[in-house]
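Here are a few exercises to try on a structure. Have a go at each task before you read its solution.

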Amino acid sequence: MAEQHGKALVPQIRFAGFTDPWEQRKLGEELGFLRNNTLSRAELSDSEGAVLDIHYGDVLIKYGSVLDIEKANVPRIADDAVANRQTCDCLQDGDVIIADTAEDSAVGKCTELCNSAGKKVFSGLHTMPLRPTREYASGYLGHYLNSSAFHDQLLPLMQGIKVISVSRSAMEDMMMAVPSVAEQASIGAFFDRLDSLITLHQRKYDKLCVLKKSMLDKMFPKGGSLYPEIRFAGFTDPWEQRKLSELVEIERGGSPRPIERYITDDPCGLNWVKIGDAPELGRYITQTTEKIKPEGLAKTRQVYPGDLVLSNSMSFGRPYIMAIKGCIHDGWLLIRDAQKHFDPIFLCHMLGAPQMLNQYRMFAAGSTVNNLNKELVGKAIVSLPSKDEQREIGIVLDRLDSLITLHQRKLELLRNIKKSMLDKMFV
């Protein structure tokens, strides 16, 4: 953005009917600073107290560009006597609350207040509350002040190393791009609708994740029982309990060293399966970003389509099904069901079920280093029903995974659309 005060600006994308250039104004001329308080998180409560208090940590992480007081769970000042002693200003709709401190460049993130009528709301620790000195359409300031067009101006003004902050004096001199109130209203309404869609899919995604967690907990026996809490009609036989090592082959991966000497761009190289190749969505590893030379095969372990791999360090215990042939390094364990005791989808879900993860954590906590090896995983007690029941369980859990993936992809798409629009609709 140009620095000349009063310079006319035009965004890359705008709604039909709006052609007037935007004006450039100083933030200090458009918004007046209000008083905040310095109450710590320990002095706030989720349920006790009559006065709401907006904490900077919630602005940075929890709240969107617009904070709907009717819908949001805003903390309260736990002690009414403490609340009554505060000399900070009471906020109203249209006020903007900026987080002036953060651990990274997120400092300066803000939220605009709405639906606060009839409630007493304060701006709390490490915040800058501001109030427009002239008319602004609802939602415009919250979205604009969070856009890169505005926030990028803050980057050279940030101070600190471990804790980053921005001063009020620096904020006052920042330049804002201001369209007509009518265009502000169209922009604010557009982003509000987009945020509503994002919230809708986020809630559906969260509910599905909770449902899957519950199903994993209830569809596998626990506490030594041979019967799960939930099962499909027609299945009544007890599940069989065995050590995992009695049913499958478990081997640790390996890495030829130094690995740099074995990495190759040759298309005939062997797929080199790293933790980063595991998908965020889904259960199958379908590609790798790197390959290794065939001469490295003697120092690693080869896996084939249908094999399972289990991460054994860091966020250990995450299982995946190989859809390609490749080689795994020592951050993976190979789980090969050579005797076909398991339906592969069932086995993959079972290895990641809470009952198994609890055993992994217990075994890892008792080892010299906090990770898994083939002996520890092999000690885990598993429960397995008939192949027919395994298939039914696998189908249901896979359908849940597909729904979760669908909503996560929609969320990613909507967030990308919003990011693009924030870049193109503001100057």
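Keep in mind that this is a predicted model.

**Exercise 1.** Work out whether Cys327 is buried or exposed, and find out why its sulfur makes no bond.

*Solution.* Start with accessibility: Cys327 comes out at 0% relative accessibility, so it counts as buried. Next, look for a partner. The closest cysteine sulfur belongs to Cys268 and sits 14 Å away, which is too far for a bond. Now widen the hunt: a search of the whole structure turns up 0 disulfides. Cys88 is no exception, since the nearest cysteine sulfur, that of Cys90, is 8.2 Å off. With 8% relative accessibility, Cys88 counts as buried too.

**Exercise 2.** Find which residues touch the most other members of the largest nonpolar core.

*Solution.* That core has 92 residues, and the winners are Ile54 and Phe220. Zoom in on Ile54: leaving out residues up to four places away in sequence, its contacts include Val59, Tyr63, Leu91, Phe122 and Thr127. Apart from this core there's another one, of 11 residues, with Ile285 and Trp332 among them.

**Exercise 3.** Determine which element gives the largest share of the lining of the largest pocket.

*Solution.* First, the pocket itself: its volume is about 1400 Å³. Of its 35 lining residues, Tyr63, Gly64, Ser65, Asp195 and Thr199 are the closest to the centre. Then go through the elements that supply at least two residues each, including helix H2 (56-61), helix H7 (181-218) and helix H11 (387-424). H7 takes it, with 9 residues. Finally, sort the lining by class: 11 nonpolar, 12 polar and 12 charged.

Definitions and conventions:
Residues numbered from 1 in each chain as written. Predicted model: local features only at pLDDT ≥ 70, side-chain atom pairs only at ≥ 80, totals over all residues. Heavy atoms only, no water. Core = buried A, V, L, I, M, F, W, Y, C linked by side-chain atoms within 4.5 Å. Buried < 20%, exposed > 50% of the residue type's maximum accessible area, 1.4 Å probe, protein only. Contact = heavy atoms within 4.5 Å. Disulfide = S-S within 2.5 Å. 1 Å grid on protein atoms, 1.4 Å probe; cavity = no way out; pocket = protein on both sides within 12 Å on 5 of 7 lines; lining within 4 Å. Points joined across faces, edges and corners; volume = space filled by probe spheres on them. Helix = DSSP H or I, 4+ residues; strand = E, 2+ residues; numbered from the N terminus. Nonpolar A, V, L, I, M, F, W, Y, C, P; charged D, E, K, R; others polar.
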